[in-house]
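User: I have a model open and would like to learn how to read its pockets and its backbone angles. Could you walk me through them?

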Amino acid sequence: MPNFSSWRSDLPASIVVALVALPLCLGVALASGAPLFSGIISGIVGGIVVGLLSRSPLSVSGPAAGLTVIVLGAITALPTFETFLLAVVLGGMMQIAFGLTRSGLLSEFVPSSVITGMLAAIGLILILKQFPHAIGYDGNYEGSFDFLQTDGLNTFSTISHSLGRALLPGAMLIAGLSLIFLFWWDKARPKEGLLKFLPGPLVAVLIGVIGNALLGVVAPSLQLKPTHLVQVPVAENLSGFLSFFRVPDFGAIANPLVWTTALTLAIVASLESLLSVKAIDEIDPRRRTTDKNWELFAQGGGNMVSGLIGGIPITSVIVRSSANVDAKAESKLSTIMHGLWLLLSVALIPSLLNLIPLSALAAILIATGYKLTKPALFAQRYAQGWTQFVPFVATVLAILFTDLLMGIGIGLVIGFAFVIGRNFRPAITFACEGHDCLIRARRNLYFIHKYELQRELNKVPDNANVLIDLSSTSYVDLDNVDIINAFIKGAAYRNITVVVRGDIAERSAPLINAPLSQVRYA
């Protein structure tokens, strides 16, 4: 259950997250080929339903850009949108099954350098993708993370393309004033009093709405047109509003493509959610840890509800979640309330929402992106050494020049390569003084250490007294035990006395089956 004692911090944070989520919900739905309101539905469900079910204090769920290609392909291939909704419901059920099989534990094996690289990459993408919106070019949908775009441009060429078109001074003025205020407010925000709860992004939105209205009075030529404002579907009455909701076509349950789509959505959405939740745990000021298996259950429940009422698939989303952290939220009450604000606003004041300039929202996202990718983060990883810095930078570049999931995959491969490389560093030391020799394992011995162990044992001369020190290990692979066995057996023919030290040696004693006269345990 939400922690109502933290409402003073969670209330303003929820408003910030709702402002960030609104254009992203619409943008992801547009890119997915789904009805615009289906993105709003999944944002509401991600806030209320997943917020209630999840044990993550700060993660915020909603429609994700990482699923747009899959969703667009599925909606195109399936007979109707209602058939696609059935696949969303089934995918949610599969996610619950993943949680029951404890699949969430897989996320714990992701190197921290890859997680921080993902956060930094998303920060850079937010800045690069939102810059065109800030200067008045709204050719791409909000929430796009892919490098290659459907219009033939990419992240960088879109910037030059937008600069080559007629810039909108009104949009630039609103974005500039909003950015100046946001960065100033971060430093000038009072530590005490009611003003400390005033969310900067809310003021930025007011700057945009009031500023655009003033431009209509003093400089009509600079006023932003509706195409550069938020465009929430507006219903004329209650029945019209209810018509935005859809129900799945359960008659298509036997369609094999429905099940294939459901499985694809379940796997990709689960991966994205687990990585997002792990990343948010990393930047949680309190360093709280989320139960990843339960998170799969929460995400699955959210997708089932979303599909049942007409929403597109849900995942935990870094952009919303990082905005939640940045807004000083303390509990999941912020997540739930943001879903309530989305529901109430689209039901009661959609026309007012449609007065918000996209350039003001772009300024909010640019400020959020900067906080995710501050230069100090790169300096910190560099100071930790190449084994941390290289996977970090590789993840940033891979996500920047491909897409979120592919980039993370590339980062994982490089990160694991460094992990394996660290394990290939010498694990065994050898020293001899006269006829007294020492072979010491500095850490656990696995299959990959077989050659190294055999090489060091081969250095032991005849007539030696050798100490095999395993006291620093808690595990010795059976292949390595076999090598030690073989050495001890041969020691009798070379007049070598063997002493094995360490608890692991005692546990492995039944396996070390050489004559007891040739080996003892210390």
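Analyst: Happy to; we will take the pockets and then the backbone, bearing in mind that this is a predicted model.

User: How do I find empty space, and what is the volume of the largest pocket?

Analyst: Rolling a probe the size of a water molecule over the atoms shows where empty space is left. Here the largest pocket has a volume of about 1100 Å³. It is lined by 34 residues, and those closest to its centre are Ile283, Pro285, Val325, Asp326 and Lys328. Several helices supply at least two lining residues each, including H1 (7-31), H10 (256-283) and H12 (318-326), while the largest share, four residues, comes from H16.

User: Which classes of residue make up the lining of the largest pocket, and which the lining of the second largest?

Analyst: The largest pocket is lined by 15 charged, 13 nonpolar and six polar residues. The second largest, with a volume of about 410 Å³, has 16 nonpolar residues, one polar and no charged ones in its lining. Nearest its centre lie Leu19, Ser345, Ile349, Leu353 and Ile356.

User: Now the backbone: what is the phi of asparagine 463, and where is asparagine 495 found?

Analyst: Most residues other than glycine have a negative phi. Asparagine 463, however, has a positive phi of about 65 degrees; look for it in the loop between helix H19 (450-457) and strand S5 (465-469). Asparagine 495 is in the loop between helix H20 (478-491) and strand S6 (497-501), and its phi is also positive, near 60 degrees.

User: How much of each asparagine is accessible?

Analyst: Asparagine 463 is partly exposed, at 42% relative accessible area. Asparagine 495 has 54%, and the cut-off for exposed is over 50%, so asparagine 495 counts as exposed.

Terms used. Residues numbered from 1 in each chain as written. Predicted model: local features only at pLDDT ≥ 70, side-chain atom pairs only at ≥ 80, totals over all residues. Heavy atoms only, no water. 1 Å grid on protein atoms, 1.4 Å probe; cavity = no way out; pocket = protein on both sides within 12 Å on 5 of 7 lines; lining within 4 Å. Points joined across faces, edges and corners; volume = space filled by probe spheres on them. Nonpolar A, V, L, I, M, F, W, Y, C, P; charged D, E, K, R; others polar. Buried < 20%, exposed > 50% of the residue type's maximum accessible area, 1.4 Å probe, protein only.
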